[in-house]
Amino acid sequence: MAGITRRALLVGGGAAAGAVAVQTLEGGTIGAGTVLPGPLVDAPGDVLNDASQLSPTRVFRHVTLTDVRRDTLVEAVRRELAEAKAAGRPVVASAARHSMGAQSLHQGGVALTLDRGWLEPDQAAGTCRVSAGMRWSEVITRLDAIGFSPKVMQSNHDFGVASTFSVNAHGWPVPWSAFGSTVRSITMLLPDGAMAHCSRQENAELFNLAMGGYGLFGVIVELEIEIVPNRNLVPTFEHVAGEELGRRFIEALQADKTIEMAYGRLDVAINGFFERGLLITYRPAEDQTEVPAASGSGIVSHIAADIFRRQVGSDQVKNFRWTLESAISPALTSGLSTRNSLMNEPVATLDDGDPGRTDILHEYFVAPERFADFVRICRDVIPSSYQELLNITLRFVDTDRDSVLAYATVPRIAAVMLFSQEMSVRGEEDMARMTRALVDRVTEIGGSYYLPYRQHPTVDQLRRAYPRVEEFAAAKRRLDPGLLFQNGLWTNYISKI
Ligand SMILES: Cc1cc2nc3c(=O)[nH]c(=O)nc-3n(C[C@H](O)[C@H](O)[C@H](O)COP(=O)(O)OP(=O)(O)OC[C@H]3O[C@@H](n4cnc5c(N)ncnc54)[C@H](O)[C@@H]3O)c2cc1C
């Protein structure tokens with residue numbers, strides 16, 4: 001192939017359901033410790049990647065849409081859909097591309113990045129209309145100014161609002177289900193360019209397919225989301241044995257309905273893996289007379305981020321971080337914060353800046369009464385792997401009554417794990433093996449796993465974790481027969497079902 005001068009490696013999102021696809025373009029093999037470099041084929045079109053840095057994908061065209069008016073955005077998306085359809089090219093919509101397994105990418109496709117836009121609050125109704133690509137950082141800034149806050153969003157603010165609906169994300173706010181449960185309606189452009197207004201009353205099937213549907217049914221241009229008053233919150237820290245944390249989390253929420261946000265942590269040092277737990281619950285502070293403007297991450301977060309990174313390979317630092325987080329910080333500060341400030345954290349705070357490693361997230365959802373089993377599963381699987389677990393955060397997600405690809409069909413404890421992975425063939429293979437082992441064991445206890453991350457689970461594992469996936473696949477073929485909307489989730493999983 002003309003123009004290829006270096007030994008480039010193909011490391012795509014196609015690693016699902018089997019061996020990790022790593023090959024040189026020259027047909028050679030690579031050694032176990034070889035660092036996985038970036039892309040590869042010299043051909044027209046931009047190479048885009050996602051947050052994993054392991055999904056380099058050459059798209060036909062990358063278009064960023066930043067229209068601040070609804071009608072011009074609709075017109076622009078419609079034009080892109082019509083052109084792509086006429087040329088027989090798939091389309092994928094995205095915002096920050098923080099998914100990690102090419103869910104926002106398609107080889108040779110048209111990549112639409114939606115950004116900015118409009119936000120129209122209705123304080124009396126407790127809702128606001130927001131453009132699909134607006135990032136939560138912007139949403140928080142605008143809502144903060146009028147004393148409001150998103151009802152549910154992730155614990156970082158870099159993501160797009162429609163993406164959050166499309167993966168059905170969740171965060172620290174309680175006692176809600178995922179973000180989709182707080183979305184009243186969406187406006188979406190369908191494969192034929194028609195505009196559909198979807199809610200629980202109107203086009204309900206499409207609404208439920210699009211919620212957690214990874215953009216496979218249309219391009220969302222606007223959402224109507226629920227908002228709540230922003231308030232000063234004060235934390236309470238409770239030490240709990242690791243295996244008890246799931247049960248205690250639920251007890252705390254049931255006993256005190258004033259809790260507005262909550263999360264848990266487990267100690268990740270190998271010498272006491274998941275033995276110590278911490279439950280942090282936030283209640284409204286007594287004094288609400290002055291609610292300060294949403295702050296970014298402070299100096300404390302940056303110092304903590306430095307210690308966070310030094311945990312790689314060191315139980316000593318992991319133990320120190322635990323002491324810092326569970327004892328020193330609570331003793332030194334009141335922890336008083338606003339609802340908005342707690343969610344106004346950029347992902348960049350966690351960035352390691354090491355080109356030889358990448359951060360990979362996993363997330364599992366288990367019933368609270370099976371949480372102790374989950375802890376035992378993790379003890380069996382994670383410490384014996386080659387992966388460095390730097391953090392685990394636990395959340396509560398109530399029953400999802402809407403989405404077809406629901407991961408919380410009953411109330412769940414969500415366990416978000418952040419691993420630092422070596423960007424090497426051995427790192428990737430070990431991660432794939434460990435992921436499949438975890439998914440097997442978690443589904444055996446009735447749990448499921450989250451879909452925006454690496455696509456290492458097998459198609460069979462997806463079927464077990466998402467019992468309605470066949471209905472989802474059938475609806476995709478019925479509602480998008482020309483397969484205009486495609487991405488890694490379609491290629492690696494849904495197309496095989
Ligand atoms: C550091 C980090 C922290 C995270 N924390 C959390 C967390 O606290 N809680 C949680 O639940 N998740 C969390 N996630 C996962 C995150 O919510 C998802 O990866 C989310 O998709 C990121 O948003 P994005 O804008 O980057 O999405 P993208 O990767 O750009 O897109 C995600 C999906 O949405 C689709 N999509 C995007 N825009 C549209 C549109 N306009 N119309 C139709 N489909 C669209 C895309 O096609 C794709 O399938 C985290 C991820 C990272 C990397």
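In the predicted model, Phe365 stands opposite Ser448, a residue of strand β21. This strand comprises residues 448-449 and pairs with β18 in the antiparallel sense over 2 bridges. A further antiparallel pairing joins β18 to strand β20 (residues 412-422), here over 10 bridges. Within the pairing with β20, His362 is placed opposite Met417. Strand β18 itself spans residues 357-366 and is mostly covered, with 9 of its 10 residues buried.

The surroundings of the ligand were examined next. Around the ligand there are 34 residues, of which Ala95, His98, Ser163, Ala169 and Gly215 come nearest. Classified by residue type, the shell contains 17 nonpolar and 16 polar residues, together with 1 charged residue.

Several secondary-structure elements contribute to this shell. At least two residues each are supplied by β6 (91-94), α3 (161-167) and β13 (219-229). Among the contributions to the shell, that of α3 is the largest share, amounting to 5 residues.

The position of the ligand can also be described in terms of domains. Domain 1 is assigned to residues 113-229 + 471-496, and domain 2 to residues 232-464. Because both domains give residues to the shell around the ligand, the ligand lies between domain 1 and domain 2.

Methods
Residues numbered from 1 in each chain as written. Predicted model: local features only at pLDDT ≥ 70, side-chain atom pairs only at ≥ 80, totals over all residues. Buried ≥ 20, exposed ≤ 12 C-beta atoms within 10 Å, placed from the backbone. Helix = DSSP H or I, 4+ residues; strand = E, 2+ residues; numbered from the N terminus. Pairing = 2+ DSSP bridges. Near = placed C-beta within 6 Å. Nonpolar A, V, L, I, M, F, W, Y, C, P; charged D, E, K, R; others polar. Domains from an automatic or database assignment.
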